[in-house]
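Biologist: Please show me the model, and let us go through its packing one question at a time.

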Amino acid sequence: MCRITAAGKEAAVARFLREFPEAPRTGRDHPALRGCEEIAWADFPGCPAGVPALLRSLLDPTAAAEAERVLCAVLMDSAFTLGPAMPAALPFLLRLAADPAVSVRTELVEVLFVVAELSHPVDGCSEQAIRFLGSDRDHPERARCRAVFSEHAELVRGLLDDRTLPDGLIPPDERASLLKATG
């Protein structure tokens with residue numbers, strides 16, 4: 001399976017910061033991002049230290065779409081594997097997705113669907129699922145993400161009831177997946 005290397009993640013963040021050097025200043029005081037600077041992002045295996053810059057750049061309308069793309073690449077280890085830093089980033093993503101003023105809000109809600117789906121436990125009786133997704137024992141980030149969803153269940157329910165989101169954005173199966181992730 002295609003894995004995103006730590007060097008590839010660092011290079012993506014460096015490219016982003018060269019292309020949008022002013023973007024990280026945009027969200028410096030946003031309440032949804034309080035505490036993101038205090039996290040030792042580089043201590044997570046394969047995670048670059050530039051995560052706070054990407055999170056803040058989600059608030060820059062010019063850079064937001066690219067920041068969201070790079071951030072997803074940084075927080076995922078592959079298309080079907082959450083990276084170890086995802087549980088730490090998830091509270092910030094939830095709070096930003098809850099803010100109607102965020103230009104990439106719809107995209108962030110879609111990211112939350114993916115994280116919720118990938119955080120569900122893998123059926124230990126299914127060898128095929130374990131071969132494809134790995135065991136829960138080998139991927140503790142799943143349980144950590146479920147804990148974050150549970151801790152922020154009020155925000156999740158608020159998103160599910162939010163009438164400012166585009167109609168049809170949250171189909172029943174994704175609604176169920178998000179609710180399941182909250183416990």
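Biologist: In this predicted model, which helix holds S57, and is S57 buried or exposed?
Modeller: S57 sits in helix α3. Its relative accessibility is 0%. The cut-off for burial is under 20%, so S57 counts as buried.

Biologist: Which residues does S57 contact, leaving aside neighbours within four places in sequence?
Modeller: Contact here means heavy atoms within 4.5 Å. Sequence neighbours within four places are set aside. That leaves F16, A23, P24, A63, A64 and A67.

Biologist: Take A67 next. Where is A67, and what is its relative accessibility?
Modeller: A67 lies in helix α4, residues 64-75. A67 counts as buried, and its relative accessibility is 0%.

Biologist: Which residues touch A67, with neighbours within four places in sequence left out?
Modeller: S57 is one of the contacts of A67. F16 is another. With the rest included, the set is F16, L54, S57 and L58.

Biologist: How many Å separate the C-alpha atoms of A67 and L17?
Modeller: Along the chain, A67 and L17 are 50 residues apart. In space, their C-alpha atoms are separated by 9.4 Å.

Biologist: A73 is also found in helix α4. What exposure class does A73 get?
Modeller: The relative accessibility of A73 is 25%. Buried needs under 20%, and exposed needs over 50%. A73 falls in between, so the class is partly exposed.

Biologist: Which residues does A73 touch, and how far is its C-alpha atom from that of E38?
Modeller: Residues up to four places away in sequence are not counted, and A73 then touches I4 and K9. E38 is 35 residues from A73 along the chain. The separation of their C-alpha atoms is 21 Å.

Biologist: Now the rings. How many aromatic pairs are there?
Modeller: A pair of aromatic rings is described by the distance of the centres and the angle of the planes. Rings pair if their centres lie within 6.5 Å. By this rule the count is three.

Biologist: Why does the pair of F16 and F20 get its class?
Modeller: F16 and F20 are both buried. Their ring centres are 5.1 Å apart, and the planes stand at 35 degrees. Stacked needs under 30 degrees and edge-to-face needs over 60. The angle fits neither, so the pair is tilted.

Biologist: What is the geometry of the pair formed by W41 and F92?
Modeller: The pair W41 and F92 is tilted. Its planes are 55 degrees apart, and its centre-to-centre distance is 6.4 Å.

Biologist: How many residues lie between these two positions along the chain, and where are they placed?
Modeller: W41 is in the loop between α2 (23-26) and α3 (51-57). F92 is in helix α5. The pair links distant parts of the chain, 51 residues apart.

Biologist: Are W41 and F92 buried or exposed, and which rings form a cluster?
Modeller: W41 has 2% relative accessibility, so W41 counts as buried. F92 is buried too, with a relative accessible area of 4%. Ring pairs link up a cluster of W41, F44 and F92.

Biologist: On to helix packing. How do α5 and α8 lie relative to each other?
Modeller: The axes of α5 (residues 86-97) and α8 (residues 140-151) come within 9 Å and cross at roughly 25 degrees. Angles under 35 degrees count as roughly parallel. α5 is therefore roughly parallel to α8.

Biologist: Which residues of α5 and α8 meet, and how do they divide by class?
Modeller: From α5 come M86, P87, L90, P91 and L94. From α8 come E141, R144, C145, V148 and F149. By class, the contact has eight nonpolar, no polar and two charged residues.

Biologist: What is the orientation of α6 to α8?
Modeller: Helix α6 (residues 105-119) packs on α8 at about 125 degrees, with the axes 8 Å apart. The crossing is left-handed. Perpendicular runs from 65 to 115 degrees, and antiparallel starts over 145. The angle lies between these ranges, so α6 is oblique to α8.

Terms used. Residues are numbered from 1 along each chain as its sequence is written. This is a predicted model: local features need pLDDT of at least 70, side-chain atom pairs count only at pLDDT 80 or more; totals for chains, interfaces and linings use all residues. Side-chain values use heavy atoms; hydrogens and water are left out. Axes are lines fitted to C-alpha atoms, for helices over the stretch in contact, and angles run from 0 to 180 degrees between N-to-C directions. Helices (H or I, at least four residues) and strands (E, at least two) are DSSP runs, numbered from the N terminus. Ala, Val, Leu, Ile, Met, Phe, Trp, Tyr, Cys and Pro count as nonpolar, Asp, Glu, Lys and Arg as charged, and the others, Gly among them, as polar. Rings of Phe, Tyr and Trp (its six-membered ring) pair if their centres lie within 6.5 Å; planes under 30 degrees apart count as stacked, over 60 as edge-to-face and the rest as tilted. Buried means under 20% relative accessible area, exposed over 50%, partly exposed in between (1.4 Å probe, protein chains only). A crossing is left-handed if the near helix is turned anticlockwise from the far one by less than a right angle, and right-handed if clockwise.
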